[in-house]
Every structure is written in structure tokens, then in C-alpha cells.
Amino acid sequence: MHDEKLLGLMKPLGGGDPIPLKKKELTIGRRPSSDIRLDFENISGRHCVLSFINGTWHVRDLGSTNGTKINGQKLNRVQGIMPDDELAIANHLFHIDYEPTAPLMDSQQFLEEEEAMREAETRKPTSLMELAGFSESKRPRPKQEPSRPKSESFAPSAPEGFPEPAPLDEVAEAPQSNAAPLEDDDFFKLIEEEVRPDRR
């Protein structure tokens, strides 16, 4: 379209016509469907993409065979490109001629956040449980510990042929006067036996 605003020019360093940059995202490659077609054998079908973000041009390699570089450094992530930077698409060199309107670091951060959002959107949808930090697919939730029954049900069952033991609270409440008085009586009898010969 003729009314599109010119966002910059991609100028070949080896000579040739400048390529006008009129869209905010432009794919570069050998395919005829590319926004900027570079019909060379060492250029991949979809080689790299130029993105105009926050007033600054950025470039990202699309997994090309021969790589994309800025100032001789191979790209492994999105990177901003200034007018004096040398852009190498395979071994074809370019300058991006434009006037940046934002600091490079700000636009770099903006683009990385945008990339993260795109990746999040393309991920498979997660359930509400997984979003809350729980995994439904791993281990089941532990069953609630049963509340302790009353003390009488803790009495052990007797083996066959033996009488059932009394419930614990019955044992606890049973009068204990049978054993203690007998012991006292035995004690007094012993004392009496010891004292009697002295009295004689």
C-alpha cells in the first residue's frame, strides 16, 4: 500500500537497491511468500524475522541453516538492532537505516515479555488444579485420618477359647479395694507376730 508509513530501509552492504520496511513484522527468507525474499541458495525458506517493537527494530533467527548475526555474533535469541549495526543473513550483509525512538534495553525487555506471552498462549491449556499448583495426574490426595473412636473400642479382641477382656474404662473404674486391703492385713499380721513375743 502506498499510504503505509516507511519504518526504515534495509540496505545491502554489497550493493543493490534498499528494501523499504513498511510493516512492523517482516519475515525474511527464500520462499516466495516471505515479506522480504532473498533468493540465494544459502538463505533458508524462513530465515529470520524483523520486528519493529517500541520504536526499535529487532531481529530473530527462525532456526535457519546458516544463521543470522549482528556484528559477527550469531543470534540465539531476539536482539535489537541499531542503524550502525551490521546484520548478516547467512553471508549477506545489511544495515537497517532508521531513527530509533526508544532505548534499546526497554524495547528488548518489551519484546522478551511479548515472546513469553506468546509461548504461554501456545502451551496446552492447564486445568484449574494445575494452575493452583496441584497436579491431578500424579498421586491421589491422602485420605483423612479417621477420628479416634472411644476408648472402649480399643480393647483387644480375645483369641478363640478365651473370655473377652473387659472394656478399658470398666477396668479403670473397677474398685481396687480387693488387692490393697489384703496387702495391709498381711502387713499387720506380720507386725503382730513380731510384737507378741516381746509382750510375753
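Which residue is the bridge partner of isoleucine 70 in β8? In this predicted model, the partner turns out to be glutamine 73. Local features were taken only at pLDDT of at least 70 and side-chain atom pairs only at pLDDT 80 or more, while totals for chains, interfaces and linings use all residues. Residues are numbered from 1 along each chain as its sequence is written, and side-chain values use heavy atoms, with hydrogens and water left out.

First, the overall picture. The protein has 4 helices and 11 strands, where helices (H or I, at least four residues) and strands (E, at least two) are DSSP runs numbered from the N terminus. Of its 200 residues, 24% are buried; buried here means under 20% relative accessible area, exposed means over 50%, and partly exposed is in between (1.4 Å probe, protein chains only). The accessible surface comes to about 15,400 Å², and carbon and sulfur atoms account for 52% of that (Shrake-Rupley method with a 1.4 Å probe; for residues, only the protein chains shown count as cover). As for contacts (heavy atoms within 4.5 Å), 37% of those between residues at least 6 apart in sequence join residues at least 24 apart.

Back to the strand pair from the opening. β7 and β8 pair in the antiparallel sense over 2 bridges; two strands count as paired if DSSP finds at least two bridges between them. Both belong to an open sheet of 6 strands with antiparallel pairing, in the order β2-β1-β11-β10-β7-β8. Its edges are β2 (19-21) and β8 (73-74), and each has a single partner strand, so one side of each lacks a neighbour in the sheet. Threonine 68 lies in β7 (residues 68-70) and is buried, with a relative accessible area of 0%. Its side chain makes a polar contact with the side chain of aspartate 61, at 2.6 Å. Such a contact is a pair of N or O atoms within 3.5 Å; within protein, one must be able to donate a hydrogen and the other to accept it, and residues adjacent in sequence count only if both atoms are side-chain atoms. Leaving aside neighbours within four places in sequence, the contacts of threonine 68 include Gln73 and Lys74, as well as His47, Cys48, Leu87 and Ala88.

A second group of strands forms an open sheet of 5, ordered β4-β3-β5-β6-β9, with mixed pairing. Here β4 (36-37) and β9 (79-81) are the edge strands, each pairing on one side only. Strands β3 (residues 25-29) and β5 (residues 48-53) run antiparallel and are joined by 4 bridges; isoleucine 28 is matched with cysteine 48, and threonine 27 with valine 49. On to β6: 6 bridges join it to β5, again antiparallel, and serine 51 has histidine 58 as its bridge partner.

How much of β5 is buried? It is 6 of the 6 residues, so the strand is largely enclosed by the rest of the structure. In a regular strand the side chains alternate between the two faces of the sheet. Both faces of β5 are covered, with Cys48, Leu50 and Phe52 buried on one side and Val49, Ser51 and Ile53 buried on the other.

The strand also feeds the largest nonpolar core, which has 22 residues. A core of this kind is a set of buried Ala, Val, Leu, Ile, Met, Phe, Trp, Tyr and Cys residues joined through side-chain atoms within 4.5 Å. Met10, Leu50, Trp57, Leu87, Ile89 and Ile96 have the most contacts inside it. Two or more residues come from each of β3, β5, β6 (56-61), β10 (87-89) and β11 (92-97), and β5 gives the most, with 3 residues. Not counting residues up to four places away in sequence, isoleucine 96 touches Met10, Leu50, Trp57 and Leu87, among others.

The loops have a few quirks too. Most residues other than glycine have a negative phi. Asparagine 54, in the turn of the β5-β6 hairpin, has a positive phi of about 55 degrees and is partly exposed at 40%. Alanine 90, between β10 and β11, also has a positive phi, near 55 degrees, but counts as buried at 13% relative accessibility. Serine 34 sits in the loop between β3 and β4 and is buried at 11%. Serine 34 and arginine 46 are 12 residues apart in sequence and 7.3 Å apart in space, C-alpha to C-alpha.
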